[in-house]
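Got your viewer open? Here is a short tour, one selection at a time.

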Amino acid sequence: MKIGVIADDFTGATDAASFIVRGGLSAIQLSGVPTAAFEHEADALVVSLKSRSCPVEEAVRESVNACHWLLAQGCELIYFKYCSTFDSTSKGNIGPVTKALMDVLCVDRVLYCPSLPVNGRTVYQGHLFVFEQLLSESGMKNHPITPMTDSNLVRLVEQQTKGKAGLIDLHVVSNGQLFVETHIQNLSDNGTQHIVCDAISDRDLEVIARVGRSHRLVTGGSGLVGAIAHICAQEANSTMTNGGSNSLANTYNKGIVLSGSCSEMTNKQVTDYVDKTESLKLDIDRTVSDESYIDNVLTWVLNHSDKRYFPMVYATVEPRELAQIQSTYGEQASVMVEALFEKLVKNLKVKGYNTFISAGGETSGTVTQALKVNAFHVGQEIAPGVPWMQSLDGDLKLALKSGNFGDKGFFSKAQELLNE
C-alpha cells in the first residue's frame with residue numbers, strides 16, 4: 001500500500017517522513033503540490049503545505065488539491081498530518097481540512113491521534129499533554145499565532161467541525177484492535193463522525209495503527225503514521241530503499257546553521273552550539289532597517305567557515321527579549337529575519353555551500369524556497385522526527401527541525417552523523 005501524507009507545514013512533513021522511514025518504508029517529501037505526475041518511486045509521498053495558520057478557505061483548497069494529486073499517484077491511504085500539539089484555533093484549520101478530506105474520500109468517520117510519546121505528547125481521556133503538563137498549561141498557551149488554551153481534543157474538534165466528536169479512551173485501546181473497532185462502530189452508529197483516540201505509549205499507537213491501516217483517511221501526528229508504516233512494512237516484508245544507511249557520509253560538506261525558532265529547546269540548542277563554534281546573533285534593528293546588513297552577514301559567514309562545525313547565524317532569543325522585539329517591531333521583525341535568511345541562503349548556494357541545518361518551521365520553509373528544491377529523499381534520523389534529507393539530484397543536504405525537536409546537542413550531532 002502506498003501512503004499519501006498531507007502535512008500542514010514543512011517541518012511537520014519532515015517529521016512524518018522521518019517516522020515513515022523509521023517504520024521501514026521509503027519516503028519522498030515534496031514542497032507543495034506538484035503540477036504533474038511524479039516519476040520517482042517511493043512507498044510514501046509526503047506533501048508539505050503552509051496551511052497551519054493561513055485562512056481556512058486557503059487551507060482547505062490546498063489540502064484538497066494535495067489529496068487529489070496523491071490519489072492520482074496511487075496512494076490508497078491519505079494521512080492528514082498536523083502538529084502533535086494540535087496547533088489550531090477554535091475555527092480551524094484542522095477540523096475544516098479534515099471535513100473537506102472526508103468529503104473528497106467519501107468517508108463518514110475519521111480518527112484523530114496527535115500523540116507522539118517519544119517527544120512527550122500524549123492523549124489521555126481525550127486531553128492532550130505535553131510531558132506532565134496539560135496542553136493548556138504548557139508553553140503552547142502563549143503561542144503567538146495559535147495559543148492553545150484548551151486541552152480537550154473532543155471539545156476542540158467539535159468546535160472546529162461543528163460535528164459530533166467522540167472518544168476511544170485508553171481502556172478500550174489497551175484491550176486491543178477488536179475492542180477499538182467495535183467501539184468505533186458503536187460511536188458511528190450514534191452519529192459520531194470525529195473520533196479522538198487516547199494513546200500514551202508506542203504500544204497504544206500500534207493498536208490504533210492496525211485499525212487505521214484499513215481506513216481511507218486518518219489524521220494525527222507523526223507517531224501514528226510511523227506506526228502505520230511499520231505495519232505496512234511488516235506485511236510486505238519490505239525494506240527501506242531510501243532510509244537507514246547514511247548515503248551522505250564521506251561526501252563534500254560546506255554548510256551553515258540557521259536558527260529562527262525561539263522555542264525553549266531551540267534556545268538550549270543555540271546556547272550549546274555557541275560554545276562549540278563561531279556564531280552570529282542577528283542585530284534586529286539592522287535587520288529591519290539596514291538593507292546593506294545582509295552583506296555584512298554574508299561576509300561574516302564566508303570568513304568563519306573553516307572550523308570543525310558550521311558557523312551559525314541566529315535570531316533565537318529568550319521569551320523576555322522576544323516580547324521586547326515584538327513590542328517594538330510587531331510581525332515585521334520575523335518577516336525581515338526570514339527575508340535576510342532567504343538572501344543569505346541564495347548567496348551561499350552560489351558560493352558552493354551545499355549543506356543547510358535550520359531550526360524552526362518558518363526558517364525551514366524559507367531555506368527550501370531559497371534553494372528552489374521541491375522534492376527530497378528522506379534518510380538517516382538525527383533525532384525523532386528530524387532526518388537528514390537530500391535533494392533528488394543529490395546536490396543538496398538539509399536537516400530541518402521544528403523548534404522543540406532534538407536534544408540540546410542537535411546541531412553538532414547532525415554534522416557528526418555526516419561523517420559516520
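## Stop one: a pair to select

Select Lys281 and Glu321: the two form a salt bridge, with their closest N and O atoms 3.1 Å apart. Lys281 sits in strand E13 (residues 279-281) and Glu321 in helix H12 (residues 319-329), so this contact ties together parts that are 40 residues apart in sequence. Switch on a surface and check how much of each residue shows. Lys281 is partly exposed at a relative accessible area of 38%, and Glu321 is partly exposed too, at 31%. Keep in mind as you click around that this is a predicted model.

## Stop two: another pair, then a network

Next, pick Asp290 and Arg286. They form a salt bridge as well, and here the closest N and O atoms are 3.0 Å apart. Are these two buried, exposed or partly exposed? Asp290 has 24% relative accessibility and counts as partly exposed; Arg286, at 30%, also counts as partly exposed.

Now add Asp8, Asp9, Arg52 and Asp87 to your selection: salt bridges with shared partners join these four into one network. Zoom in on one link of it, the salt bridge between Asp87 and Arg52, where the closest N and O atoms are 3.8 Å apart. That still makes the list because the cut-off is 4 Å between a side-chain nitrogen of Lys or Arg and a carboxyl oxygen of Asp or Glu. Asp87 is in the loop between strand E4 (77-81) and helix H3 (94-105), while Arg52 is in the loop between strand E3 (44-48) and helix H2 (56-72), so the pair ties together parts that are 35 residues apart in sequence. Try the surface again here. Asp87 counts as buried, with 6% relative accessibility, and Arg52 counts as buried at 16%; the limit for buried is under 20%.

How many salt bridges does the model have by this rule? The count comes to 14.

## Stop three: a three-stranded sheet

Switch to cartoon and go to strands E6, E7 and E8. They make an open sheet in the order E6-E7-E8, and the pairing is antiparallel. Strand E6 (121-124) and strand E8 (133-134) are the edges, each pairing on one side only. Show the backbone for this part: strands of a sheet pair through backbone hydrogen bonds, either parallel or antiparallel. Between strand E7 (residues 127-130) and E8, the antiparallel pairing runs over two bridges. To see who faces whom, select Val130, which stands opposite Gln133 in E8.

## Stop four: a pocket

Which residues are closest to the centre of the second largest pocket? Select Asp202, Gly223, Gly226, Ala227 and His230; they belong to a lining of 14 residues. The pocket's volume is about 250 Å³. Colour helix H1 (10-23), helix H7 (202-212) and helix H8 (222-236), since each of these supplies at least two lining residues. By type, the lining splits into six nonpolar, four polar and four charged residues.

## Last stop: zoom out

Reset the view and take in the whole chain, with its 15 helices and 18 strands. The radius of gyration is 21 Å, close to the 22 Å that the globule rule gives for 420 residues, so the chain is as compact as a globular protein of that length. Along the principal axes, the C-alpha atoms fill a box of roughly 65 × 45 × 35 Å. Colour by accessibility to finish: 57% of the 420 residues count as buried.

Definitions and conventions:
Residues numbered from 1 in each chain as written. Predicted model: local features only at pLDDT ≥ 70, side-chain atom pairs only at ≥ 80, totals over all residues. Heavy atoms only, no water. Helix = DSSP H or I, 4+ residues; strand = E, 2+ residues; numbered from the N terminus. Buried < 20%, exposed > 50% of the residue type's maximum accessible area, 1.4 Å probe, protein only. Pairing = 2+ DSSP bridges. 1 Å grid on protein atoms, 1.4 Å probe; cavity = no way out; pocket = protein on both sides within 12 Å on 5 of 7 lines; lining within 4 Å. Points joined across faces, edges and corners; volume = space filled by probe spheres on them. Nonpolar A, V, L, I, M, F, W, Y, C, P; charged D, E, K, R; others polar. Rg over C-alpha atoms; globule rule 2.2 N^0.38 Å.
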